[in-house]
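Me: I have a model open and would like to talk it through with you. Could you start with whichever strand you think deserves a look?

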Number of protein chains: 2
Amino acid sequence: MKVITSVSAMQAEAESLRRAGKRIAVVPTMGYLHRGHTSLIEDARKRADVVVVTVFVNPTQFAPHEDYARYPRDFDRDRRLSEEAGADIVFHPEVGEMYPEGYQTFVEVSSVSEILEGAVRPAHFRGVATVVAKLFLATKPHVAVFGQKDAQQAFIVRRMVRDLNIDVEIIVAPIVREDDGLALSSRNVYLTPSERQRATVLFRSLRRAEERIRAGDRSVGSVRREMMKILQSGEPTGVDYVAFVAPATFQEIQKIEPPGVLIALAVRFGTTRLIDNTLIQL
Amino acid sequence: MKVITSVSAMQAEAESLRRAGKRIAVVPTMGYLHRGHTSLIEDARKRADVVVVTVFVNPTQFAPHEDYARYPRDFDRDRRLSEEAGADIVFHPEVGEMYPEGYQTFVEVSSVSEILEGAVRPAHFRGVATVVAKLFLATKPHVAVFGQKDAQQAFIVRRMVRDLNIDVEIIVAPIVREDDGLALSSRNVYLTPSERQRATVLFRSLRRAEERIRAGDRSVGSVRREMMKILQSGEPTGVDYVAFVAPATFQEIQKIEPPGVLIALAVRFGTTRLIDNTLIQL
């Protein structure tokens, strides 16, 4: 497996692979890989001749007060896990390679970037859209695999790709969970043992919502109240949002109806912020 | 020569050319081609195996009060002139193909988009950067040829390409002028005969500036005063700006010094706005 650190070397490699008729898949990550990431790499492996994993903690998607500096990093481990999961290339640029002095270009997907995660984290999705566009232009993939855990991010990437005519197929793969239902996240390492235990309320509240909806409840207010009871039982520091959105538009809905609903939530335990979601098709 | 109107067909064609080892050049235009454009197509012809001319009047770079609706269009003539100048493909999408319903993604090159043309035409360069990115992603060129007449646009495109890692070489070709010095522009057709004659003051003021600077004048104030005298002699409706900028940064300078200066100006005659510029290397 190759490790490439410069954009121009990555482009030359991708160009030569494409010229040879090889199909390239990319899995963009911020590193500190867990089974969620490796499941994406394994998925990519089935879809392409060459799998590129990008490992880059992207500063432009963090606000100044957020956890950019302390975001967990372990490149040797990421390299090993990428290789074991089937990667052929790890693209691992330095910050100065991606954002050289005088950098001033950003990609913005407007309205959907300002709600939910975007409302709590202004400029977050501007950073995400920009870095994903840059990573696509550096790695020149035919297909890219993202995780459903970052549902709004996946929606925005799809929207950007369609709007800008980026010639790449976007795959969104299912959330991978611990045995007790907690969605895998690099940020889970921040949780204290007590917080870790209480954090299962995210999944449990989503499961309860699905039960209620499958049983015929179509009221956002009623389902949300049920969810809040479970979330509050975990004594979180705060619940940023419990949102019911239309899967096709990511706009909040007033009534649960076909073709379904995506329920997304963000909950804080101490200084750690966890997100989770579930797609319920009707 | 082929005419292609859909993004997906253009991408398939470009992809197949690239796979066959062909080098692709693109010349992005808003149509209504003149000798300035055809000189760009001829330049592109020398640099690539396949020359793509794009003809698209881009609505997102016009403000509501500007001349989008009345911007001159003549596609049959553009097709003929493109072919005569050596184009292999004309990419001519409809507005709905480039900006389908729900479109919401924009590319912004920040600070340099807010000055000069950007100060007079807010959101203009956001539209330019977005459409150029989209045209590059649709036509997949190895090289793109722009005209020096839109100097700030050329600067912004170069900056965007570098910042976003777009793997395309940008060529900026010299301004083509009428015998009396007026820079060719599709908007010249708006001028009345009297305005057309008076419009030569743009070129004459730039030539005078160059003479003064070559003679040793290093004062922006003094050179600009000389230029304004000539411009005012043409009785323009208004002078939007006469700017002295550093070629490497496009930031206004206080003193003329090596490696040189780019002098850019925008002048209105009636409702027609003309721009011109000259690069003086020291």
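Reply: This is a predicted model, and a good place to begin is strand β5 (residues 105-109) of chain B, which is mostly covered, with five of its five residues buried.

Me: Which residues of β5(B) lie on one side and which on the other?
Reply: B:Thr105, B:Val107 and B:Val109 are on one side, while B:Phe106 and B:Glu108 are on the other, and both faces are covered, since all of these residues are buried.

Me: OK, and what does strand β5 of chain A do with β5(B)?
Reply: Strand β5 (residues 105-109) of chain A is joined to β5(B) by five bridges, and the two strands run antiparallel. Within that pairing A:Thr105 stands opposite B:Val109, and A:Val107 stands opposite B:Val107.

Me: How many residues does each chain put into the contact?
Reply: Chain B gives 24 residues and chain A gives 25. On the side of chain B that touches chain A, the elements that contribute two or more residues are α1 (7-19), β5, α6 (124-139) and α7 of chain B.

Me: Which of those gives the largest share?
Reply: On the chain B side the largest share comes from β5(B), with five residues. By residue type, the side of chain B that touches chain A divides into 11 nonpolar, seven polar and six charged.

Me: You mentioned α7 of chain B. Is that helix mainly buried or exposed?
Reply: Of the 14 residues of α7(B), 11 are buried, so the helix is largely enclosed by the rest of the structure. The buried ones are B:Ala151, B:Gln152, B:Gln153, B:Phe155, B:Ile156, B:Val157, B:Arg159, B:Met160, B:Val161, B:Asp163 and B:Leu164.

Me: What about its length, and what comes just after it?
Reply: At 1.5 Å a residue, the 14 residues of helix α7 (residues 151-164) of chain B should span 20 Å, and because the end C-alpha atoms are 20 Å apart, the two values agree. Just after α7(B), B:Asn165 takes a positive phi of about 65 degrees.

Me: Switching to chain A now, how is it divided into domains?
Reply: Chain A has domain 1 (2-173) and domain 2 (190-281), and the centres of these two domains of chain A, taken over C-alpha atoms, are separated by 27 Å. Seven residues of domain 1 of chain A are in contact with eight residues of domain 2 of chain A.

Me: What makes up the domain 1 side of that?
Reply: The elements giving two or more residues to the side of domain 1 of chain A that touches domain 2 of chain A are α5 (117-120) and α7 (151-164) of chain A. The largest share there, three residues, comes from α7(A), and the residues of that side divide into five nonpolar, one polar and one charged.

Me: What is the strand order in the six-stranded sheet of chain A?
Reply: The order is β1-β4-β3-β2-β6-β7 (chain A), in an open sheet with parallel pairing. At its edges stand β1 (2-4) and β7 (169-173) of chain A, each with a single partner strand, so one side of each is left without a neighbour in the sheet. Neighbouring strands of this sheet are turned by 25 degrees against each other on average, direction ignored.

Me: Anything on the β2 and β6 pair, and on where α7(A) sits?
Reply: Strand β2 (residues 24-29) of chain A and β6(A) run parallel and are joined by two bridges, with A:Val143 in β6(A) as the bridge partner of A:Ala25. The helix α7(A) lies across β6 and β7 of chain A, running at about 170 degrees to β7(A).

Me: Where is A:Gln148, and what is it in contact with?
Reply: A:Gln148 is found in the loop between β6 (143-147) and α7 of chain A. Leaving aside its neighbours within four places in sequence, A:Gln148 is in contact with A:Ala154, A:Val172, A:Ala173, A:Pro174 and A:Ile175. A:Gln148 is partly exposed, with 18 other C-beta atoms within 10 Å.

Me: Last one: what is the order of the three-stranded sheet in chain B?
Reply: That open sheet has the order β8-β9-β10 (chain B), with antiparallel pairing. Its edges are β8 (238-245) and β10 (272-281) of chain B, each with a single partner strand, so one side of each is left without a neighbour in the sheet. The twist averages 10 degrees from one strand to the next.

Me: And how do β9 and β10 of chain B pair up, in what sense and over how many bridges?
Reply: Strand β9 (residues 260-269) of chain B pairs with β10(B) in the antiparallel sense over 10 bridges, and B:Phe269 stands opposite B:Thr272 in β10(B). Helix α10 (residues 220-233) of chain B packs on the sheet, where it touches β8 and β9 of chain B, and its direction makes about 150 degrees with that of β8(B).

Definitions and conventions
Residues are numbered from 1 along each chain as its sequence is written. Chains are lettered from A and ligands numbered from 1 in the order in which they are written. This is a predicted model: local features need pLDDT of at least 70, side-chain atom pairs count only at pLDDT 80 or more; totals for chains, interfaces and linings use all residues. Domain bounds come from an automatic or database domain assignment. Two residues are in contact if their C-beta atoms, placed from the backbone, lie within 7 Å. Helices (H or I, at least four residues) and strands (E, at least two) are DSSP runs, numbered from the N terminus. Ala, Val, Leu, Ile, Met, Phe, Trp, Tyr, Cys and Pro count as nonpolar, Asp, Glu, Lys and Arg as charged, and the others, Gly among them, as polar. The expected span of a helix is 1.5 Å times one less than its number of residues. A residue is buried if 20 or more other C-beta atoms lie within 10 Å of its own, exposed if 12 or fewer, and partly exposed in between; C-beta atoms are placed from the backbone. Two strands pair if DSSP finds at least two bridges between them. Axes are lines fitted to C-alpha atoms, for helices over the stretch in contact, and angles run from 0 to 180 degrees between N-to-C directions.
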